[in-house]
Amino acid sequence: MAKGHVLDNFIDFYRQLSLSMSDEFSSTIKGNFDMKDIGCDEQTYASFLEGCPKFALFGLFHYRSRGMLILIDPQIVYSVSNRFMGGPGEIEKKPTPLFTVSETFFGKEILSLLSSNLQNKGVDIQFLRLETYPNNIHYFFSDETILTTTMKIKLNGEPIGDIRICHPEMFLEKESLL
């Protein structure tokens, strides 16, 4: 199968995933959680790390004999936590990068939703740990080519950040994305 066709299937796979997750998450937070704007990029792991925020929520997962990384922009965590706690989903200005206990809890809930939806699609991943700084993550070789899926997130029509999923390139070969 040609790589271009496989990449198209890869993007379609994540479009389907984001549709079901948008609906599920919207009903949970009782607001419009839109994650349907999706892109895919091939890049080195070093390039990915250079483009990461200095503080975010990083979920590290075991995938086959490798890893999978899910990055959630802190604005998403702040906004969703605010919404879950009865607020309008507004993003607070914080003097220092820090997640409260409730923000960490809700960030883990977003990761849990993502991982359970991936597992429902037949992707065998297991949660390993949570990190907040990219310099603590050494999941791929710096010159290794990875695939990054970026989902642009909106809450009630307002952009609040990105969720990025990093896969080893073998993801294209090992998963049935049809």
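Me: What makes strand 1 and strand 5 a pair in the open sheet of 6 strands?

Reply: Two strands pair if DSSP finds at least two bridges between them. Strand 1 and strand 5 (residues 145–155) are joined by 10 bridges, so they clear that bar. They run antiparallel, and Asp37 stands opposite Lys152 in strand 5. The sheet as a whole is antiparallel, in the order 1-5-6-3-2-4. Keep in mind that this is a predicted model, where local features need pLDDT of at least 70 and side-chain atom pairs count only at pLDDT 80 or more, while totals for chains, interfaces and linings use all residues. Numbering starts from 1 along each chain as its sequence is written, and side-chain values use heavy atoms, with hydrogens and water left out.

Me: Which strands are the edges, and what makes them so?

Reply: Strand 1 (33–44) and strand 4 each pair on one side only, and that makes them the edge strands. From one strand to the next, the twist averages 20°.

Me: How do you know that helix 3 packs on the sheet?

Reply: By its contacts, meaning heavy atoms within 4.5 Å. Helix 3 (residues 74–84) touches strand 1, strand 2 (57–63), strand 3 (66–72), strand 5 and strand 6 (158–168). Its direction makes about 125° with that of strand 6; axes are lines fitted to C-alpha atoms, for helices over the stretch in contact, and angles run from 0 to 180 degrees between N-to-C directions. Helix 4 (residues 101–120) lies across strand 1, strand 2, strand 3, strand 4 and strand 6, at about 160° to strand 4.

Me: What counts as a helix or a strand in this tally, and how many of each are there?

Reply: Both are DSSP runs numbered from the N terminus: H or I of at least four residues for helices, E of at least two for strands. That gives 5 helices and 6 strands, in the pattern α-β-α-β-β-α-α-β-β-β-α.

Me: Why is Glu131 called buried?

Reply: Buried means under 20% relative accessible area, exposed over 50%, and partly exposed in between (1.4 Å probe, protein chains only). Glu131, in strand 4 (residues 125–131), has 16%, so it counts as buried. Leaving aside residues up to four places away in sequence, it touches Ala56, Leu57, Phe58, Leu60, Asn136 and Ile137.

Me: What makes the Glu131 and Asn136 side chains a polar contact?

Reply: The cut-off is a pair of N or O atoms within 3.5 Å; within protein, one must be able to donate a hydrogen and the other to accept it, and residues adjacent in sequence count only if both atoms are side-chain atoms. Glu131 and Asn136 come in at 3.3 Å. Ser22 in helix 1 (residues 3–29) has a side-chain polar atom 3.1 Å from the backbone nitrogen of Met35. At 1% relative accessibility, Ser22 is buried too.

Me: Why is the Phe13 and Tyr14 pair called edge-to-face?

Reply: Rings of Phe, Tyr and Trp (its six-membered ring) pair if their centres lie within 6.5 Å; planes under 30 degrees apart are stacked, over 60 edge-to-face, the rest tilted. The structure holds 10 such pairs. Phe13 and Tyr14 have centres 5.1 Å apart and planes at 85°, so edge-to-face it is. Phe105 and Phe106 get the label as well, with 5.2 Å and 75°.

Me: Which of Phe105 and Phe106 is buried, and which is partly exposed?

Reply: Phe105 has 45%, so it falls in the partly exposed band, whereas Phe106, at 10%, is buried.
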